[in-house]
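Subject: Handing over the structure, with notes

Dear colleague,

I am passing on to you the structure that I have been going through, and my notes follow below it. Please keep it open beside the text as you read.

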Amino acid sequence: MSKAKLIVIQPGGSAQELEFQGQVVSIGRALDNTVVVESDSNVSRYHAEIVARDGGYWVSDLGSSNGTSVNGQAIELEQRLKDGDSISVGGTTTIEFRLEQTRQQPEEIEEYEEEEPAARSTATTQARSSAARAPRVNVPVRSGPSPLLIIAAVGGGLIITAIVAFLLISKFGGGCRATVRVVSPQSGETLRMPTVIRIEAEETKCIDRVVYQMDGHEFATAEAAPYEVVLDPAQFSSGENHMLSVVVEDQEGNKKVQGDTVLLAFASSGVGSSGQNAGTQGGATQQAEQTPPPPPPNAGSIDIGAMSERLAAQVTSKSGYVFTRDFEDLIRVRTNEYRVSGFDERARRYRREINKAFHDQGIDPLVGYVLAMSRSKFNENATGEGVGLWQLPISVVRDQGYLAAGETEAALKDPKRSAEIAAAYTKAVFSTFDPDDFMYAIACYGMPLNQVGQVRTQLATSAPDPMARRDFMKMVKSGVIKGEQVDRVVRFFAAGIVGENPQAFGLSGSQPFDSLF
């Protein structure tokens, strides 16, 4: 493979040169590209790519906003480069492609003849007599192996070298060949509620993680198959189009933007009063000290629906709650965030306080444990919707009169006082709804009580039949429950079924919540 050189000229900047041979060269504004065009806003974060293939170099556009052209002609898929080609990315930055031909000087192979002694004498005499007629190349006679053997050895060595090179190229030369395609949601959809992004992935052995971007900005990652994440419209502005794209990062840290992009729109999510998006609750930013273990071998056989039904029955002693496929998928994806080893040990530190405070309020302690798990993973220093294990907003706690005179938000981190305040607030929220409507109480958790009452009124007006209200996703689609309220419920069930079934989720050393009360 010939060496190549890129001469990069950015607007208002000096030329930069890059020599390479064989490896993939990525071009874009993101700092992890091979060629970083940071100062040109017309260039996408991952704009174009040059790869070596079939003895040459090929340039392709990675779905950039402003396109890539070669010698003034826009490329659609990819184009083979020739020496002297001018590549334009974004219409402003120019990259000149230079190809250095590798020349090999032919080696002189001296030929000689083996002659009999008598013949050699005759030949020498004839050579002397004819010296004036033609120049003669004197080839000395050498002892050693036959030239045929030498040629055979050299040829065999070349064949072996070629075979080894072929095997190495087959294994390593192509890099990570994984491809990812978004199958849901599809381009043109308008999303009004949290939705699971589903993908089809091929040749996934080299994938370290899949990064999801909205309008070129990362908003979620997945590190284990099936690489699904939750897309919450509440995180993005409504009333305009957004572009969903996917980046595959291999185990060497190399990133490749997938060609598949999805155009989406988001309807108004009606985010609750806290003003926080769903991504702030119980997320990785709160629990960076823990990394989920690899998925359990039986991950695909876990019955999320059955586990969720059992949890609902534990909370209310009732059955008949509807867990649709969409509901189950949202819960299943969120369980990955709660598969954190040692959660039971952290919960055990607050065991006495939780059990007493929630018992005193007439609430099953299981509700207290699951709420704390879903909102902070039992990290009192979590930063999200509020403060402490239950992430209660200080304004709500103060306005509802749960803080005694002279108490500050530090009370929400004190094991005894935080449990007492959380239990009292939980009883107030749950009492606003019918006992069978506990999911809607969870949806309102963290909101001022007057707004909780408004949701209760809207729910009763929209669905007077109590049995209809057991279909939570039906109420979501009707617009009664919106945005982060949905995510609170999803997280409650995700945290609860992991906390009650840790073995099923690969947490072999953890004990279920029901061992704590």
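A salt bridge, as the term is used here, is a side-chain nitrogen of Lys or Arg that lies within 4 Å of a carboxyl oxygen of Asp or Glu. With that definition, a search of the whole structure, which is a predicted model, finds 27 salt bridges.

I begin with Arg53, which forms a salt bridge with Glu78, where the closest N and O atoms are 2.7 Å apart. Arg53 lies in strand 5 (residues 48–53) and Glu78 in strand 9 (residues 78–80), so this pair ties together parts that are 25 residues apart in sequence. As for the surroundings, Arg53 is partly exposed, with a relative accessible area of 31%, and Glu78 also counts as partly exposed, at 37% relative accessibility. Arg53 has a further partner, for it lies over the face of Trp58, at 4.6 Å from the ring centre.

Another salt bridge joins the side chains of Arg334 and Asp487, at 2.9 Å from N to O. Because Arg334 lies in helix 4 and Asp487 in helix 13, the pair ties together parts that are 153 residues apart in sequence. Are these two residues buried or exposed? Arg334 is buried, with a relative accessible area of 8%, and Asp487 is buried as well, with a relative accessible area of 2%; the cut-off that matters for this reading is that buried means under 20% relative accessible area. Asp487 also forms a salt bridge with Arg491, in which the closest N and O atoms are 2.7 Å apart. Arg491 and Asp487 are four residues apart in helix 13, and are therefore separated by about one helical turn, while Arg491 is itself buried, with a relative accessible area of 1%.

Helix 4, which holds Arg334, has 14 residues and reaches 20 Å from its first C-alpha to its last, close to the 20 Å expected at 1.5 Å a residue. The buried residues of helix 4 include Phe327, Asp329, Leu330, Ile331 and Tyr338. Of these, Asp329 belongs to a network of salt bridges that also links Arg198, Glu228, Arg325 and Arg332, and Tyr338 has Lys377 lying over its face, at 5.3 Å from the ring centre.

Turning to the aromatic residues, a search of the whole structure finds 21 aromatic pairs. One of these is formed by Phe323 and Phe493, which meet edge-to-face, with 5.2 Å from centre to centre and 80° between the planes. This pair links distant parts of the chain, 170 residues apart, with Phe323 in the loop between helix 3 (304–316) and helix 4 (325–338) and Phe493 in helix 13 (residues 483–500). Phe323 counts as buried at 8% relative accessibility, and Phe493 counts as buried at 1%.

A stacked pair is made by Tyr369 and Phe517, with 5.8 Å from centre to centre and 20° between the planes. Tyr369 lies in helix 7 and Phe517 in the segment after helix 13, so the pair ties together parts that are 148 residues apart in sequence. Here the two rings differ in their surroundings, since Tyr369 counts as buried at 0% relative accessibility, whereas Phe517 counts as partly exposed at 36%. Returning to Phe323 and Phe493, I would add that both belong to one aromatic cluster, which also takes in Tyr321, Phe327, Phe438, Tyr440, Phe472 and Phe492.

The last element in these notes is helix 9 (residues 415–432), which has 18 residues and reaches 26 Å from its first C-alpha to its last, close to the 26 Å expected at 1.5 Å a residue. At the start of helix 9, a side-chain oxygen of Asp414 reaches to within 3.2 Å of the backbone nitrogen of Lys416. Which helices do the buried residues of helix 9 pack against? They pack against helix 6 (351–360), helix 7 (365–376), helix 8 (394–399), helix 10 (438–443) and helix 11 (449–462). Among the buried residues of helix 9 are Ser418, Ile421, Tyr425, Thr426, Val429 and Phe430, together with several alanines that include Ala419 and Ala422.

With best wishes

Terms used
Residues are numbered from 1 along each chain as its sequence is written. This is a predicted model: local features need pLDDT of at least 70, side-chain atom pairs count only at pLDDT 80 or more; totals for chains, interfaces and linings use all residues. Side-chain values use heavy atoms; hydrogens and water are left out. Helices (H or I, at least four residues) and strands (E, at least two) are DSSP runs, numbered from the N terminus. The expected span of a helix is 1.5 Å times one less than its number of residues. Buried means under 20% relative accessible area, exposed over 50%, partly exposed in between (1.4 Å probe, protein chains only). Contact means heavy atoms within 4.5 Å. A polar contact is a pair of N or O atoms within 3.5 Å; within protein, one must be able to donate a hydrogen and the other to accept it, and residues adjacent in sequence count only if both atoms are side-chain atoms. Rings of Phe, Tyr and Trp (its six-membered ring) pair if their centres lie within 6.5 Å; planes under 30 degrees apart count as stacked, over 60 as edge-to-face and the rest as tilted. A charge sits over a ring if NZ of Lys or CZ of Arg is within 6 Å of the ring centre and within 35 degrees of the ring normal.
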